[in-house]
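Let's take a walk through this model, from its greasy inside to its charged pairs. Have the viewer open and follow along.

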Amino acid sequence: MSRLICFLFVFVLTAGTASAERIYCHRCAEAFFAAAAPDSPDFRKFARDRKIDVEHLRLEVTPDYQRHTVTGIATIRFKPIGLPLREVEFDGVDLTVTSVRSTAQLDSHQVTADQVICTFLTPIAVGESVEVTIAYSAEPQKGLYFRTPKNGYPAKSQQIWTQGEPHEARHWFPVYDYPNEKFTSEIICHVPKGMTVLSNGRLVSEKPAAELVAYHWRQEKPHVAYLITLVAGYMSKIADDYKGLPLTFWTAPEDIAAAQNSFRHTKDMMEFFERETGVKYPWARYGQVTVHGFMWGGMENTGLSTLTRRTLFDASTENVYSSDGLVAHELAHQWFGDYVTCKDWSQLWLNEGFATYYDALWHGDFFGEDQFKYEMWRNAKSVLSQKNEKYGIVYRGYGEPKQMFSYLVYPKGSWVLHMLRSQLTPEVYRKGITEYLKRNAFGVVETADLKLVLEEVSGRSLDRYFDQWLNGIGAPKLSVSHSWDAKAKLSKVTVRQTQKIDEKNPLFQFPLTIRFKGKDGSRDHRVDIREKAQDFYVPLKSAPSIVRIDPEYTVLATVDFKKPNAMWYAQLANKADMIGRLLAAKQLGSKKDQQTIAKLKAALNGDAFHGVRAAAAEALKKIHNDAALEALIASRSQKNAFVRKSVHDAISSFYDAKAAAALAESIESEKNPAVLAASLTGIARWGGKESRSTILAATQLNSIRDTAVDGAIAAMRINGDPAFVGDLRKLLAERDDELKERAFNKGVEAIGFLARNDSDKSGVRKFLTGFVKHARQSTQLAAIKALGVLGDARSIPMLESFTNAKEGSPEQKTAQASIDKLRAEKKTAPEVRDLRKEVDALKKANEGLRKQFEDFRKKETAKQSAPLL
């Protein structure tokens with residue numbers, strides 16, 4: 001799944017020939033979390049026992065779009081595995097079961113809060129197939145989600161959709177709901193005429209009957225319960241095929257115009273993944289569907305990925321936005337996660353690490369090697385920026401499965417595979433992955449399965465590697481220095497590991513390449529890092545102008561390499577080394593001199609790779625002096641929209657009249673709403689009447705994802721003028737039906753923020769209170785949060801009513817956070833009132849002094865101008 005986010009984790013990662021905003025698949029959970037207590041039986045999590053082999057699930061359901069309920073009949077065929085069984089348990093949360101039948105004679109059945117338990121008159125023999133049919137109804141709180149007018153979504157595109165990972169399937173039908181069991185499935189869904197139903201596998205039939213239409217889908221190859229999907233509602237599609245394999249792309253009717261932009265590279269991805277894995281796409285068809293209010297970025301259901309509609313974009317944003325990362329990630333999952341599936345959640349990296357890495361590999365294949373390295377650089381950045389890592393990638397001490405969806409299994413998992421591929425060679429690695437997939441086809445896997453295959457094909461012992469990178473914690477931090485002995489013609493490179501080293505965090509051991517480049521050419525020197533500090537001497541004909549550590553970018557490590565400016569300049573100009581140029585630009589951001597600024601300006605306007613140009617803009621932003629601002633202003637005309645946005649982001653960080661004037665000039669001609677939004681924040685920082693009118697004008701623009709409106713609301717917050725409260729209230733009232741959910745909610749939250757210092761908050765409090773019972777849950781939460789920020793303690797009684805909601809629910813947590821904030825502010829109220837009194841007294845005193853000074857000035861003026869008598 002694409003990530004818990006890091007949380008819809010919108011990453012700024014690469015896509016296509018430009019680095020675009022990417023929405024990732026699941027959310028990244030908190031990096032670290034409360035593990036179960038050591039004296040708890042759940043201190044370590046292991047795969048569930050498989051007492052039965054589930055062979056097939058047949059599900060027939062009818063959703064009620066008005067009541068948000070579902071009625072269904074689930075038929076589960078299974079057989080005991082090791083021992084005869086008299087009792088069989090199925091997962092099912094808050095299901096109302098009306099009947100249970102079986103092909104074997106039942107003694108009784110029991111329905112608990114989270115299970116349906118069937119007891120048979122006599123034990124079922126090992127290997128004997130039995131069917132159990134359960135008729136039930138449910139009002140699901142998870143698993144199956146309604147998006148209808150009842151909860152604030154448009155009737156013309158109302159829909160339902162499901163989300164199974166990690167354990168949500170059990171909330172809308174009874175099933176064996178754990179990833180170590182696979183079975184075939186079919187779904188029959190009855191919906192009103194005019195609606196479309198999508199599910200796994202192939203469409204068997206579409207039969208109208210009275211007011212409803214029955215869609216019958218069948219998945220004939222085994223998959224796990226969390227990959228079962230159902231999407232049903234009003235939708236439009238575009239269709240294509242890949243070598244006869246049907247490809248479909250579905251959206252709400254109002255979004256279909258943007259579908260081609262988001263899904264245009266699906267066929268190229270399909271071809272690459274087949275070629276790179278050595279395994280044909282394993283399912284009957286492939287569909288992608290965007291849905292309303294999806295909580296993640298995407299979900300890799302077998303043959304049908306569900307995606308957030310926020311991935312859609314149009315031509316106006318040029319290359320600032322892209323769906324390539326999300327689409328590639330979910331498609332890669334069809335092999336890694338669906339075809340072979342992690343046995344339990346401690347092994348989740350085998351799903352998510354592979355999908356993240358193969359997304360990067362596709363980018364490299366399609367756009368070039370520099371793009372691949374840039375992808376991996378961004379992945380490394382998201383790993384190495386983390387502090388105080390406490391667990392390894394493979395970890396059994398998690399509390400809830402969702403807590404495993406962190407940066408550890410996504411970008412760090414991708415780097416584990418990248419380093420393996422680099423050390424084994426791409427050819428040997430590819431051979432191993434093909435064997436790994438074929439050997440475990442339609443099965444479940446754990447890390448040992450991958451290790452075994454790679455050892456077989458390479459002849460390498462990978463014990464240390466897997467222990468170090470999958471069970472171990474963190475990554476190397478290297479302090480590097482270089483010196484040149486002109487007399488001996490020796491380069492000396494010293495490498496020190498400076499990360500925390502103890503029994504739990506031993507030294508890392510890995511191969512490392514050092515590259516020397518000078519007038520006599522380039523030379524690579526390979527070393528093995530095994531100790532805390534090592535010196536390496538390399539004979540060269542002349543002093544190198546560039547010394548690079550890990551030039552091919554094959555080691556996940558933080559490198560602190562002190563170099564003279566001349567070496568950084570040479571590295572920034574080295575056309576053959578994109579990562580080197582990127583690192584040089586980043587490093588030069590700590591300098592302030594004119595020569596460095598000139599070098600960065602040249603890179604910003606002349607480097608061949610967009611990522612380096614954007615890094616140069618970021619470096620000039622960091623330098624943050626007048627010369628850096630002049631360089632940025634002179635570099636606004638960038639053909640690449642991603643770089644152009646980066647330049648305007650950088651200019652917007654300056655509080656300067658020249659910056660504001662340059663941004664205002666750009667706004668007049670800028671057509672790209674993302675670049676426009678970046679510029680608005682800068683003019684908001686400077687302020688003034690023209691700034692206000694420009695910001696208000698942007699609130700009336702129509703743009704994909706409401707990008708311009710988002711930018712205007714963000715600008716209002718930066719400006720901080722409470723006069724914008726009235727403008728926002730008017731905007732929300734006039735464009736209620738037009739604004740996307742995200743922009744609307746940002747507007748609600750901004751009102752609370754802008755009015756927080758008002759002396760009389762009654763009107764704003766009442767306005768925000770009107771949204772706490774909005775049909776759309778996300779808007780309710782925005783209003784509850786805004787009331788906490790507003791700081792009016794009179795909101796507490798109303799907010800307390802939400803704390804009675806289910807413990808841990810979004811409403812309960814958000815309301816409690818707002819109440820805590822209000823009570824904390826209330827405690828300091830006397831001090832604030834005293835301070836205000838002092839300020840008012842000072843104002844009065846100053847006014848008196850001003851009047852006295854004015855009287856004195858007038859008297860002196862009169863004396864000087866009066867005629868002498």
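What follows goes from the nonpolar core to one helix and then to salt bridges.

This is a predicted model, so to speak, with local features needing pLDDT of at least 70, side-chain atom pairs counting only at pLDDT 80 or more, and totals for chains, interfaces and linings using all residues. Residues are numbered from 1 along each chain as its sequence is written, and side-chain values use heavy atoms, leaving out hydrogens and water.

Start with the largest nonpolar core (buried Ala, Val, Leu, Ile, Met, Phe, Trp, Tyr and Cys residues joined through side-chain atoms within 4.5 Å). It has 239 residues, and F273, W349, F354, Y358 and L450 touch the most other members. Helix α4, residues 349-367, gives the most to this core, with nine residues. Helices here are DSSP runs of H or I, at least four residues, and strands are E runs of at least two, numbered from the N terminus.

Now look at helix α6, residues 411-424. Twelve of its 14 residues are buried, meaning under 20% relative accessible area (exposed is over 50%, partly exposed in between; 1.4 Å probe, protein chains only). Among them are W415 and L424. Just after α6, T425 takes a positive phi of about 90°.

On to charges: the whole structure holds 49 salt bridges, each a side-chain nitrogen of Lys or Arg within 4 Å of a carboxyl oxygen of Asp or Glu. R548 and D577 pair up at 2.5 Å, N to O. R548 sits in strand β31 and D577 in the loop between α10 and α11, 29 residues apart. R548 is buried at 4% relative accessibility, and D577 is buried at 7%.

Note on methods: Expected span 1.5 Å × (residues − 1).
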